[in-house]
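Got your viewer open? Let's take a short walk through this one, selecting a piece at a time.

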Amino acid sequence: MLLFSRRAIQPIADAYEKQKHFITDAGHELKTPLAVISANTEVLEMTQGESEWTQSIRNQVGRLAELTNDLVSLARMDERDSRMLMTDFSLSDAVSESLAPFVAVAGQRGKPIQTDIQEGLTLCGNEEAIRRLVGILADNAIKYGAEGGEIRITLRSAGRGMVFQTRNRVETPIKKGAHEELFERFYRGDASRSSKVAGYGIGLSMARAIVAAHRGKISAASEDGASLAITVTL
């Protein structure tokens, strides 16, 4: 029975591996035309001056380049033989420093961030990836937080591990309970939510991949239907 099960799922596993390789290869192939488009746009601006059209091209090239990089990063994290360099570092400092620019942005948008970062916490992990994780979750809270609503971000020790959490009010009511669908790739929620915020819906997928690489857990849940908390346990 076990042998039969393995044979049954092998085509699915093979297809998944091919998909990851395709994403990685396609990502590298896309970088060249994107660079050419960007260079040609610069030439147009030098000869004919900036315009709303060239600015639009720049914006779209930038968005596509960001999407490409994120997809390639996700595919690499999925590789079975992928390994992050893990070292001991100050998690408290990494979180505080990573949040600093987001605190300023959130204040300008009328969504003040309140932080409660426990000092002296260290982690054996990939510092660059953890800083990116913090940025992704802070950016997500700002993008989808309700106007005028406070964003609360905390880091504390919990037993043998540590818990990092973002909590924000939401613009429209959501179901109480877990919201694991938020971590699906390209998930954008309802149409009204998607139309107001730029993005491709893979940020939280990237966050989940980073947490998985550190053998941690990440979850999203609403206790009251009016707020959302994303919790990372490392």
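Here is a tour that starts with the whole chain and then settles on one helix and its neighbours.

**Stop 1: the whole chain.** Before you click anything, keep in mind that this is a predicted model. Colour the protein chain by secondary structure and you should find 6 helices and 8 strands. Following the chain from the N terminus, the order of elements is α-α-β-α-β-β-α-β-β-β-α-α-β-β. Of the 234 residues in the protein chain, 36% are buried. Now think about contacts between residues at least 6 apart in sequence: 73% of them join residues at least 24 apart.

**Stop 2: helix H4.** Select residues 127-144, which is H4. How many residues does H4 have, and how far does H4 reach? The helix has 18 residues and spans 26 Å from its first C-alpha to its last, close to the 26 Å expected at 1.5 Å a residue. Next, highlight some of the buried residues of H4, among them Ala129, Leu133, Val134, Ile136, Leu137 and Tyr144.

**Stop 3: H4 against H6.** Keep H4 on and add residues 203-213, helix H6. The two pack at an angle of about 145 degrees, and their axes are 9 Å apart. Turn the view until you can see H4 pass H6 in a left-handed crossing. To light up the contact, show Ala129, Arg132, Leu133, Ile136, Leu137 and Asn140 on the H4 side, then Gly203, Leu204, Met206, Ala207, Ile210 and Val211 on the H6 side. By class, these contact residues come to 9 nonpolar, 2 polar and 1 charged.

**Stop 4: H4 against H3.** Hide H6 and bring in residues 91-108, helix H3. Here the packing angle with H4 is about 30 degrees, with 9 Å between the axes. Because of that angle, H3 counts as roughly parallel to H4. The crossing of H3 with H4 is right-handed. On H3, pick out Leu91, Ala94, Val95, Glu97, Ser98, Leu99, Phe102 and Ala106; they meet H4 residues including Glu127, Ile130, Arg131, Val134 and Ile142. This contact has 10 nonpolar, 2 polar and 4 charged residues.

**Stop 5: Ser98.** Zoom in on Ser98, which lies in helix H3. Is Ser98 buried or exposed? Its relative accessible area is 10%, so Ser98 counts as buried. Leaving out residues up to four places away in sequence, Ser98 touches Arg131 and Val134. Both of these partners are in H4, and Val134 is one of the buried residues of that helix.

How values were computed. Residues are numbered from 1 along each chain as its sequence is written. This is a predicted model: local features need pLDDT of at least 70, side-chain atom pairs count only at pLDDT 80 or more; totals for chains, interfaces and linings use all residues. Side-chain values use heavy atoms; hydrogens and water are left out. Axes are lines fitted to C-alpha atoms, for helices over the stretch in contact, and angles run from 0 to 180 degrees between N-to-C directions. Helices (H or I, at least four residues) and strands (E, at least two) are DSSP runs, numbered from the N terminus. A crossing is left-handed if the near helix is turned anticlockwise from the far one by less than a right angle, and right-handed if clockwise. Contact means heavy atoms within 4.5 Å. Ala, Val, Leu, Ile, Met, Phe, Trp, Tyr, Cys and Pro count as nonpolar, Asp, Glu, Lys and Arg as charged, and the others, Gly among them, as polar. Angles under 35 degrees count as roughly parallel, over 145 as roughly antiparallel, 65 to 115 as roughly perpendicular and the rest as oblique. The expected span of a helix is 1.5 Å times one less than its number of residues. Buried means under 20% relative accessible area, exposed over 50%, partly exposed in between (1.4 Å probe, protein chains only).
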